[in-house]
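Subject: Structure handover

Hello,

Here is the structure I promised to pass on. Please open it next to this email and follow along.

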Amino acid sequence: CRPAPEVAVAGSFRRGRETVGDLDIVAASSAPQALIEAFLAYGERRSVISAGRTRASIVLANDMQVDLRVVSAASYGAALVYLTGSKPHNVALRKMAQALGLKINEYGVFRQGRKLAGRDEASVYAALALPWIPPELREDAGELDAARDETLPHLVCAGDVKGDLHVHT
């Protein structure tokens, strides 16, 4: 199996939600079938829910469902936006795209069938005249307006930490 040039966990896990019902994995590969086969052969897999040419779902030994979606590198960013969600955020993005005469889906951003963006997440948002929106904010809770107004909050990142914190509960 060739390694995926890009792979990320998406969905509620990527958005940092308190609870996660399943894991959604997005991968870019020119050999999707080989990646699907490697995924299905995972040693901690208890059962296979479904398997196709570009997607598969399994249940792990710990009862967690894991879904894999494999796309081309040209659509990786669009698939990551789409599968990270949230659903209300995606609906709001689609409405915004429609107002601009665009179509947005897991394969990219299109105008009259011509692909404008999709390779990375930043290009998807840029096609809608927005800066990249961090996954943790993608809940349709005002983030699109904040992005448009350039008032998105700064999220704490590893580089912002200036020391160690140790806590006992």
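The largest cavity is lined by Ala78, Val81, Tyr82, Asn90, Leu93, Arg94, Ile104, Asn105, Glu106 and Val124. Helix H3, helix H4 and strand S6 (103–105) each give two or more residues to that lining. The volume of this cavity is about 60 Å³. How many cavities of 30 Å³ or more does the structure hold? The count is 1. By class, the cavity lining has 6 nonpolar, 2 polar and 2 charged residues. Keep in mind that this is a predicted model.

How do we find such spaces? Rolling a probe the size of a water molecule over the atoms shows where empty space is left.

**The largest pocket**

Now the pocket. About 160 Å³ of space lies in the largest one. Its lining is made of Asp24, Ile25, Ser50, Arg55, Ala56, Ser57, Asp67, Leu68, Arg69, Tyr82, Leu83 and Glu106. Which elements supply at least two residues each? They are S2, S4, S5 and H3. Sorted by class, the pocket lining has 5 nonpolar, 2 polar and 5 charged residues. Look again at Tyr82 and Glu106. They line the largest pocket, and they also line the largest cavity.

**The cores**

Next, the nonpolar cores. The largest has 18 residues. Which of them have the most contacts inside this core? They are Leu93, Leu128, Leu130 and Leu144. Two or more residues come from each of helix H3 (76–84), helix H4 (87–99), helix H5 (121–127) and helix H6 (143–148). H4 gives the largest share, 4 residues.

Zoom in on Leu128. Leaving out residues up to four places away in sequence, Leu128 touches Leu93, Met96, Ala97, Leu100, Leu102 and Ile104. Two of these partners should look familiar: Leu93 and Ile104 are also in the lining of the largest cavity.

There is a second, separate core of 12 residues. Among its members are Leu40, Ala56, Leu60 and Val70. Ala56 also lines the largest pocket.

**Helix H2**

H2 covers residues 32–40. Its buried residues are Leu35, Ile36, Phe39 and Leu40. Why are they on the same side of H2? Because they cover an arc of only 135 degrees around the axis. What do these buried residues pack against? They pack against four strands: S2 (22–28), S3 (45–51), S4 (55–60) and S5 (65–71).

Pro32 is also in helix H2. Pro32 counts as partly exposed because its relative accessibility is 24%, and partly exposed lies between 20% and 50%. Leaving aside neighbours within four places in sequence, Pro32 is in contact with Arg53 and Val70. Val70 is one of the residues of the second core. Pro32 and Arg69 are 37 residues apart along the chain. Their C-alpha atoms are separated by 8.9 Å. Arg69 is one of the residues that line the largest pocket.

**Ser86**

One last stop. Ser86 sits in the loop between H3 and H4. Is Ser86 buried or exposed? Ser86 counts as buried, because its relative accessibility is 5% and the cut-off for buried is under 20%. What does Ser86 touch, not counting residues up to four places away in sequence? The contacts are Arg15, Arg138, Glu139 and Asp140.

Happy reading.

Best wishes

Key:
Residues are numbered from 1 along each chain as its sequence is written. This is a predicted model: local features need pLDDT of at least 70, side-chain atom pairs count only at pLDDT 80 or more; totals for chains, interfaces and linings use all residues. Side-chain values use heavy atoms; hydrogens and water are left out. Buried means under 20% relative accessible area, exposed over 50%, partly exposed in between (1.4 Å probe, protein chains only). The arc is that of the directions from the helix axis to the C-beta atoms. Contact means heavy atoms within 4.5 Å. A nonpolar core is a set of buried Ala, Val, Leu, Ile, Met, Phe, Trp, Tyr and Cys residues joined through side-chain atoms within 4.5 Å. On a 1 Å grid over the protein atoms alone, a cavity is a set of points where a 1.4 Å probe fits but cannot get out, and a pocket is an open set with protein on both sides within 12 Å along at least five of seven lines; lining residues have an atom within 4 Å of a point. Grid points are joined across faces, edges and corners, and a volume is the space filled by probe spheres set on the points. Ala, Val, Leu, Ile, Met, Phe, Trp, Tyr, Cys and Pro count as nonpolar, Asp, Glu, Lys and Arg as charged, and the others, Gly among them, as polar.
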